[in-house]
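Okay, shall we get going? I'd like to walk you through one small set of contacts and then build the rest of the picture around them. Here is what we're looking at.

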Amino acid sequence: MARTVFDCARVPGKTCTLQIIGDKKDVLPAAKQHLVAAHGMKNTKQLDDNVTQVVDDHAKRYGTWV
Ligand SMILES: [Zn+2]
């Protein structure tokens, strides 16, 4: 099962250091909930699209043990 990373530091204008790591289906809603609750963003389709674009594949970002 591939892990996905949401790094709030990649959100423009945010200096937040939160990262959320897990299965994509868990990371996307958790990231949106964080952006709305902690940063006052509006829960819109645009936010969905932006969050989906900013998540990374964990192995691609951090490498794998070989
Ligand atoms: Zn944040």
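So, a definition to begin with: I call two residues in contact if their C-beta atoms, placed from the backbone, lie within 7 Å. With that, and leaving aside its neighbours within four places in sequence, V27 is in contact with T4, F6, I20, G22 and V55.

Some housekeeping. This is a predicted model, where local features need pLDDT of at least 70, side-chain atom pairs count only at pLDDT 80 or more, and totals for chains, interfaces and linings use all residues. Residues are numbered from 1 along each chain as its sequence is written. When I say helix or strand, I mean DSSP runs, numbered from the N terminus: helices are H or I with at least four residues, strands are E with at least two.

Let's take the sheet. It's an open one of three strands, in the order 2-1-3, with antiparallel pairing. Pairing here means that DSSP finds at least two bridges between two strands. The edges are strand 2 (19–22) and strand 3 (56–57), each of which pairs on one side only. Strand 1 and strand 2 are antiparallel and share four bridges, and there F6 stands opposite I20 of strand 2. On the other side, two bridges join strand 1 to strand 3, again antiparallel. V5 sits opposite D56 of strand 3, while T4 has D57 as its bridge partner in that strand.

What packs on this sheet? Helix 1 does, touching strand 1 and strand 2, and its direction makes about 160 degrees with that of strand 2. For angles like that, axes are lines fitted to C-alpha atoms, for helices over the stretch in contact, and the angles run from 0 to 180 degrees between N-to-C directions.

Now the two helices. The axes of helix 1 and helix 2 (residues 45–54) come within 10 Å and cross at roughly 120 degrees. That makes the pair oblique, since under 35 degrees counts as roughly parallel, over 145 as roughly antiparallel, 65 to 115 as roughly perpendicular, and the rest as oblique. Helix 1 brings L28, A31, K32 and L35 to the contact, and helix 2 brings L47, D48, V51 and T52.

Which residues make up the largest nonpolar core? They are V5, F6, V27, A31, L35 and V51, six in all. Strand 1 (4–7) and helix 1 (24–39) are the elements that give two or more residues to this core, and helix 1 has the largest share, with three. By nonpolar core I mean buried Ala, Val, Leu, Ile, Met, Phe, Trp, Tyr and Cys residues joined through C-beta atoms within 7 Å. Buried means 20 or more other C-beta atoms within 10 Å of a residue's own, exposed means 12 or fewer, and partly exposed is in between.

Take A31, in helix 1. Why is A31 buried? Because 25 other C-beta atoms lie within 10 Å. Not counting residues up to four places away in sequence, A31 touches F6, I20 and V51.

And N43: buried or exposed? N43 counts as exposed because it has 12 C-beta neighbours inside 10 Å. You'll find N43 in the loop between helix 1 and helix 2. Leaving aside neighbours within four places in sequence, N43 is in contact with K32 and V36. The C-alpha atoms of N43 and K32 are separated by 7.2 Å, with the two residues 11 apart along the chain.
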